[in-house]
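Grab your viewer and let's work through a few exercises on aromatic rings and empty space.

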Amino acid sequence: MALTASTMLSLGTKAPDFQLPDVVSGETISLSTFTDKKALLVMFICRHCPFVKHVQEELAKLGKDYLQSDLGIVAISANDVKNYPDDAPDLLKTMATELDFNFPLCYDETQETAKIYTAACTPDFFLFDDEQKLFYRGQLDDSRPSNGKPVTGTDLRGAIDTVLAGKSLTEEQKPSIGCNIKWKPGNEPDYFG
């Protein structure tokens, strides 16, 4: 496990399109799935990472708390399943079912979606506005697996509430921290390492 921070993609960047299978429903999910939403949260997660395990209940709660809102949510796992079999699609499906995720959890087998989003770690969060421009990229909150701080989702929830209200975000955005995405050998992006 390499402790890795978000790449902090430039704010205002247009959301890259993708077409990925939801591990639960089998449906293809893309940006157009969320065109009726005022905001879109794209989360890069996986099943085995201790940083994701630490916040997974809060991720499920986010989905439930914003179910009736104008927020679309999609989670994506891009890890190399040959070397990290715990992140295979069938086990991701089990994870999504056990945590009662009410948003799609997609598997990015080629890792191309993770690359075009410059996703670096799990968890990694990208929040886009109604024009699908990057509004927030950073941490869920200050909690980490061993620092004793409670998981609240404060930073991300604040950004979600702000974008849904149509306001500007003025607070500093702190990078997310987690395990590096497990790139397939030879498939590592330029920004890795």
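Below are three exercises, each with a worked solution.

This is a predicted model, where local features need pLDDT of at least 70, side-chain atom pairs count only at pLDDT 80 or more, and totals for chains, interfaces and linings use all residues. Residues are numbered from 1 along each chain as its sequence is written, and side-chain values use heavy atoms, with hydrogens and water left out.

**Exercise 1.** Classify the ring pair Phe44 and Tyr117, and place both residues in the chain.

Step 1: the rule. Rings of Phe, Tyr and Trp (its six-membered ring) pair if their centres lie within 6.5 Å; planes under 30 degrees apart are stacked, over 60 edge-to-face, the rest tilted. Seven aromatic pairs come out of this.

Step 2: the geometry. The ring centres of Phe44 and Tyr117 are 5.8 Å apart with planes at 55°, so call this pair tilted.

Step 3: the location. Phe44 sits in strand S4 (residues 39-44), and Tyr117 in the loop between helix H3 (112-116) and strand S7 (121-122), 73 residues apart. Helices (H or I, at least four residues) and strands (E, at least two) are DSSP runs, numbered from the N terminus.

**Exercise 2.** Do the same for Tyr117 and Phe128, then check burial.

Step 1: here the centres are 5.9 Å apart and the planes at 85°, so the pair is edge-to-face.

Step 2: Phe128 belongs to strand S8 (residues 124-128), so its pairing with Tyr117 ties together parts eleven residues apart in sequence.

Step 3: Tyr117 and Phe128 are both buried (under 20% relative accessible area, with a 1.4 Å probe and protein chains only). For Tyr117 the value is 0%, and Phe44 is buried with 0% too.

Step 4: zoom out, and Phe18, Phe44, Tyr117, Phe126 and Phe128 form one aromatic cluster.

**Exercise 3.** What is the volume of the largest pocket, and which residues line it closest to its centre?

Step 1: the term. On a 1 Å grid over the protein atoms alone, a pocket is an open set of points with protein on both sides within 12 Å along at least five of seven lines; lining residues have an atom within 4 Å of a point. Volume is the space filled by probe spheres set on the points, which are joined across faces, edges and corners.

Step 2: the largest pocket comes to about 180 Å³.

Step 3: of its 13 lining residues, Leu71, Gly72, Ile73, Asn102 and Phe103 are the closest to the centre. Strand S5 (residues 71-77) gives the largest share of this lining, three residues.

Note on methods
Buried means under 20% relative accessible area, exposed over 50%, partly exposed in between (1.4 Å probe, protein chains only). On a 1 Å grid over the protein atoms alone, a cavity is a set of points where a 1.4 Å probe fits but cannot get out, and a pocket is an open set with protein on both sides within 12 Å along at least five of seven lines; lining residues have an atom within 4 Å of a point.
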